[in-house]
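Student: Got a minute to go through a structure with me? I'd like to talk it over piece by piece.

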Amino acid sequence: MKEMAEVRELKENRYIIIDNEPCKIVSMTTSKPGKHGEAKARIEAIGVFDNQKRSVIFPVRHKVAIPIIDRRVAQVISIMGDKVQLMDMETYETFEMEIPDEFKGKLKEGEEIQYLQALGKRKITRV
């Protein structure tokens, strides 16, 4: 899910979709309008799921897509090597995910974790 917003409405630490990837805005600078043009904004952002740095330049009146990022809580059902089976505490949906390197060995069955969900992707954020 996503919504639209003008570039001039964006701020640092908010989110934007670049190359079909939700990204967190790290820095944003705007230039003055030229003689025959309008002001432009340079946006530096880091991918939420892949941690890649991306930068784009848009006119400030350009409409861009903003991802709807859902912060959710899930319970660890079972751990199978590099994968973990989770159950969402609100919808009771069960699903499997890869365990990120920073959480390997820290997950325990029966405990609750926090995860992000956006554009059909999920990522564990806190144990």
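Tutor: Sure, let's take the sheet, then the cores, then the pocket. Keep in mind that this is a predicted model.

Student: OK, what's the strand order in the open four-stranded sheet?

Tutor: The order runs β2-β3-β4-β5, and the pairing is antiparallel. From one strand to the next, the twist averages 45°.

Student: And which strands stand at the edges?

Tutor: β2 and β5 (53–59) do; each has a single partner strand, so one side of each has no neighbour in the sheet. For β2, antiparallel pairing with β3 covers four bridges. Within that, I17 has P22 of β3 as its bridge partner.

Student: Switching to the largest nonpolar core: which residues touch the most other members?

Tutor: L10, I16, M28 and I43, out of 16 residues in that core. At least two core residues come from each of β2 (15–18), β3 (21–30), β4 (40–47) and β6 (63–67).

Student: What is I43 in contact with, leaving aside neighbours within four places in sequence?

Tutor: The contacts of I43 are V7, L10, I16, I25, S27, M28, R54, S55, V56 and F58. There's also another core, apart from that one, with twelve residues, including V76, M97, L107 and I124.

Student: Now the largest pocket. How much space lies in it?

Tutor: About 180 Å³. Among the residues lining the largest pocket are Y15, K24, R71, E102 and I124.

Student: Which strand gives the most to that lining?

Tutor: β11, with three residues. Both β4 and β11 (121–126) supply at least two lining residues each.

Terms used: Residues are numbered from 1 along each chain as its sequence is written. This is a predicted model: local features need pLDDT of at least 70, side-chain atom pairs count only at pLDDT 80 or more; totals for chains, interfaces and linings use all residues. Side-chain values use heavy atoms; hydrogens and water are left out. A nonpolar core is a set of buried Ala, Val, Leu, Ile, Met, Phe, Trp, Tyr and Cys residues joined through side-chain atoms within 4.5 Å. Buried means under 20% relative accessible area, exposed over 50%, partly exposed in between (1.4 Å probe, protein chains only). Contact means heavy atoms within 4.5 Å. Two strands pair if DSSP finds at least two bridges between them. Axes are lines fitted to C-alpha atoms, for helices over the stretch in contact, and angles run from 0 to 180 degrees between N-to-C directions. On a 1 Å grid over the protein atoms alone, a cavity is a set of points where a 1.4 Å probe fits but cannot get out, and a pocket is an open set with protein on both sides within 12 Å along at least five of seven lines; lining residues have an atom within 4 Å of a point. Grid points are joined across faces, edges and corners, and a volume is the space filled by probe spheres set on the points.
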